[in-house]
Amino acid sequence: MKRLLVLVALLAVAFGLGQNHNSGGQAQAQPPAQDPPCGSIDNSGVSAENTTGFPQVLQKPEDRADVLDLLLAKIWFYYLDPGFEGKDWEKVSAQYKAQALQARSERAYYDAMRGLVNELDGVFLSATQLEAQSKLSQARAGLSGIGTLISSTDPRDGLTVRWVLPNSPAARAGIKARDRILAVNGRDCPSTDRIRGPEGSTITLSVKSPGQPPRDVTVQRARVNYPETILEARRLEANPQVGYLWVSELGEEQMPAALEKALTELTSSTPLKGLVLDLRGTGGSGMRTMRYLLGHFISGVKYGFEGPEFYERRNIPARKPDLSQIPLVVLVDRGTTGSANMSAAILQTRPNTTLVGEKTGGGNRYYQGHELPDGSVFFIAQGRFVLPGEKPMESEQVTPNVLISQDWLEFAEADDPYIKAALEQVK
């Protein structure tokens, strides 16, 4: 299930199925009449599938059988584990195949195919679902927001504000990074969809700052223009000889150039004694961004992916400024997933590097998408991550060198136990 949640998050970015921040623009859509249960996954795309019949491309039983057989053949051929994670795959696939061929509606047919792919922690998206999710994404894009970047977190614990756009509605209302939004207009289990709304309208947020009791904050929604990349590079107040770099997500095409500019400015004055790379809550599926981030700290080594029908190796190119010789501390937590998780695993092999925090959320597989004749798409794991030195990354999670069990979001930066531990490492 953990792999699936990580993959869903990555696909959400790839397909525009969701956003981590509250976008600006004119409102066109109305909020739903009834909110989904706390922690539930948006099911609007699945619900759009027909429950009484089939679309034109699936009218004939033989057409449905052909699509299903192609799905099964691709899984047999491409899935990274020939042993199918110890499952009796012939039995499992036969059960889902019978369910699909007996289906009397699009929804029932795709439910069987979706269940089959989910058995391997993959994702199945029908053409109807893709279209519905695209319309949902467009409706969301037409709503105004408050100017925050929200980290992935359990909604039952509130939404974590990771970054606030300067001079945004949130900033003017006194909302800061590390705050948690506990409720929206009195409703527990907040979501970014509830925060979005018509331009000029107001919402009341229950906000909790580290070490402080919750407070109500009224914010007026507005059009918000976000920068192309969101990162932070500065020197730590507790020790100006130590640099601090936070990257919001390893998936943006503009990130490599932004990283080079930020690190150049960071190192342009006095030399750094060490650097803290903060990957807490960082995810993404950007392999190019990952390579260029790593190139500032380690180079001349290769990583890759491999599976039965998949083999790839990539070299990490050296990048300026060259920070390969300075002590490095990487902060990770359960929100460190995808390419950020793989970055942490690679950096842990680097000399003079320490990982601090809790076990990561995971991610050590390469997922490939396959389109079927009916327009549906499914993603399955085809390769497992291989670390420098040709060492397979067997475990999804990365275990830090220095384990910390405290929730860092309960602390202001000056008291952050992760940063305190990091400073101890670069004394």
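The following exchange concerns helix 9, the nonpolar cores and Ser343 in a predicted model. Local features need pLDDT of at least 70 and side-chain atom pairs count only at pLDDT 80 or more, while totals for chains, interfaces and linings use all residues. Residues are numbered from 1 along each chain as its sequence is written, and side-chain values use heavy atoms, with hydrogens and water left out.

Me: Around what arc of the axis do the buried residues of helix 9 lie?
Reply: Helix 9 (a DSSP run of H or I, at least four residues, numbered from the N terminus) buries Met255, Pro256, Ala258, Leu259, Ala262, Leu263 and Leu266, where buried means under 20% relative accessible area with a 1.4 Å probe, protein chains only, exposed over 50%, and partly exposed in between. They lie on the same side of the helix because the directions from the axis to their C-beta atoms cover an arc of only 160°.

Me: Which exposed residues does the face of helix 9 turned away from its buried side carry?
Reply: The buried side is covered by elements including strand 9 and helix 10. The face turned away from it carries the exposed residues Ala257 and Lys261.

Me: How many residues has the largest nonpolar core?
Reply: A nonpolar core is a set of buried Ala, Val, Leu, Ile, Met, Phe, Trp, Tyr and Cys residues joined through side-chain atoms within 4.5 Å. Leu245 and Phe385 are among the residues with the most contacts inside the largest one, which has 40 residues.

Me: Is Ser343 buried or exposed?
Reply: Ser343 lies in helix 11. Its contacts (heavy atoms within 4.5 Å) include Leu250 and Met290. Because its relative accessibility is 0%, Ser343 counts as buried.

How values were computed:
Helix = DSSP H or I, 4+ residues; strand = E, 2+ residues; numbered from the N terminus. Lists of a residue's contacts leave out its neighbours within four places in sequence.
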